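Open your viewer and set the display to cartoon. We will go one selection at a time.

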Amino acid sequence: MSLKSNLHNLKEKYKGTKMAPAFNALHTFLYLPNETTHNGTHIKVADDLKRTMNTVIMAMVPCLIFGMFNAGYQHYAAFGTPVDFLSWDAFYIGLIKILPLVVVSYGVGLAIEFLFAVIKGHEVEEGYLVTGMLVPLIVPVDTPLWMLAVAVAFGVVIGKEVFGGTGMNILNPALTIRAFLFFAYPTWMSGDKVWVHGAVERSKEIANGANLDAISGETILGSLAQGQETSYSVADMFFGFIPGSVGETSTLLILLGGLFLIFTKIGSWRIMVSSVVGALVMGLIFNGVVSAGWISESSKFFGLMSTEFWHHLLIGGFAFGTVFMATDPVTASQTNKGKWIYGFLIGFISILIRVFNPAYPEGVMLAILLMNVFAPTIDHYVVQGNVKQRMKRLKVKTA
Amino acid sequence: MGLLSKKDAKLITDPLADNNPITIQVLGICSALAITAELEASIVMSVSVLFVLGVGNVVISLMRNIIPSKIRIIVQLIVVATLVIIVDLVLKAFAYELSKTLSVFVGLIITNCIIMGRFEAFALGNSPWRSFLDGIGNAAGYGVILIIVGFFRELLGSGTLLGIPVLGDPIEKTGLYSIGYENNGFMLLSPMALIVVGIIIWVQRSRNKALIED
């Protein structure tokens, strides 16, 4: 008896009972079901929801692997014993810190999905597959696991299940989880300690009287917000050898993931392009303000405002948010014209929040959540505009 | 029920659950969001509204036959404003710290939709005794929700109840904090109050499907 027929038998056995959705999900996740539909004409497509989700996950895997190397690399660099980037030492630290994040994220999220499917008696939905992968990539490496578990439970229930589950949610669940963590436990989500593994513990030891050097791993945005120069080169920013959340540092790998999503027609290139344009426009406006001399160097906004406009694309979570979160087909605008407006405003507002909110110099999360809320409104006006245009044409014809 | 007839008792029990002013009629949300970060403030707010609505309903009911209907809103406002000023002064005299925490929200009881709503919908057309019961019932329904929200927000947000630390000391790391627990700062922000109210509404409507409106 193969695993497939075992699963099939289990599924038959529980058919019609409350637990049925859970066994159905397991069976169809691993294998193509044996049954065929009996009536009507059906078109079989290869890219069902599971395939779509898996493609997005494949696009993110390079970021995850890179994040593991980078976590160890930043750890050793900050502790004064630098190692090569592609070394086993670096990867090992990343693996033991990041794998638990992935496991907790998937474990808690899928448990809640199964629970709701059983209670409500519908099939288990695949929506969490991507969210579960996104979450570990957008949190700091030292995030305590119980906090992640609480946040995932909150994000999945309040962000998705109350609206009716996958496909019904207004807000991106991964960003809801990130926003919950940020507002609930700000000391673990921002500042100069959380981005490098071990820095928080080191500062505790120092507070307890240990004679050690303080470790800090400020992100580029963090130091710019405080008006300091950053010591990282543009190449470091582009390839991702900088401190930051687990998977968002390497713009190169995100770019490759983005191209992969565009090539497989899963991510919307309109949103990605317009978001980049929006960010560049806002960056140029700020650069213009600085070169026109409207803002003095003593202003607390000067550091980020004077950042060259295209650097904004390389630092912080902008690239990751644009490629993997803004393009979420459920929460983004549905119409093509709407996608241009939606993406542009995400880029525009991201940089706006980044510059004017020195306490939290990362605006991508808030910008995407805000535009998630406005996406249906944008669509409404795009559709209405189209209706109006066609009505005009109709009138001309009948008149 | 010796004291209350069945019909009268319903005036008190209905607003507690199936006709709750906050979760069913969705009135008085503003104060439910603003002052529920601490349990003590929620309790004081509930008692204040209980007083204002109970007494106000009786006063309006006594005057219901002599109030010209064209100016009834102004009369209602004067009654409720008078009562709120009494509450405000009492709080300032006997619980000054607390009145500072509640700040403008005591004054804003005047604009609490529940109060004007009950004056309009009930006190203007019923006897003083029934109006009194209705006022008490609605204020209690409001208070129950405020206290539930305040309980969870203070417990999870600050780790205290009525100002007493119940989860240990967050700075010296005793109790729950010694194993890495941290207070949830989100709980202290107003959006979380809205979410807690939403969860109460969710639980209530999934227990009683008749409450779900299309």
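Select chain A to begin. Of its 399 residues, 45% are buried. Keep in mind that this is a predicted model. Chain A is built with 17 helices and 0 strands. Contacts in chain A with a separation of 6 or more come to 70% from residues 24 or more positions apart.

Next, split chain A by its domain assignment. Colour residues 49-207 as domain 1 and residues 251-398 as domain 2. The centres of these two domains of chain A, taken over C-alpha atoms, are 24 Å apart.

Now look at where the two domains touch. Domain 1 of chain A brings 20 residues to this contact, and domain 2 of chain A brings 21. On the domain 1 side, highlight α3 (49-78) and α7 (173-184) of chain A, which each supply at least two residues. Which helix gives the most to that side? α3(A) does, with 8 residues. Colour the domain 1 side by residue class: 13 are nonpolar, 6 polar and 1 charged.

Move to the contact between the chains. Chain A and chain B put in 8 residues each. The chain B side divides into 4 nonpolar, 3 polar and 1 charged.

Finish on chain B. An unreviewed UniProt entry lists residues 43-62, 74-95, 101-119, 131-152 and 185-203 of chain B under "transmembrane region". Select 43-62 of chain B: this stretch is 100% helix and 0% strand, with its end C-alpha atoms 29 Å apart. Then select 74-95 of chain B. Here the chain is 95% helix and 0% strand, and 30 Å separate the end C-alpha atoms.

Methods:
Residues are numbered from 1 along each chain as its sequence is written. Chains are lettered from A and ligands numbered from 1 in the order in which they are written. This is a predicted model: local features need pLDDT of at least 70, side-chain atom pairs count only at pLDDT 80 or more; totals for chains, interfaces and linings use all residues. Helices (H or I, at least four residues) and strands (E, at least two) are DSSP runs, numbered from the N terminus. A residue is buried if 20 or more other C-beta atoms lie within 10 Å of its own, exposed if 12 or fewer, and partly exposed in between; C-beta atoms are placed from the backbone. Two residues are in contact if their C-beta atoms, placed from the backbone, lie within 7 Å. Ala, Val, Leu, Ile, Met, Phe, Trp, Tyr, Cys and Pro count as nonpolar, Asp, Glu, Lys and Arg as charged, and the others, Gly among them, as polar. UniProt positions are given in the numbering used here, feature names are shortened, and annotations may be inferred rather than shown by experiment. Domain bounds come from an automatic or database domain assignment.
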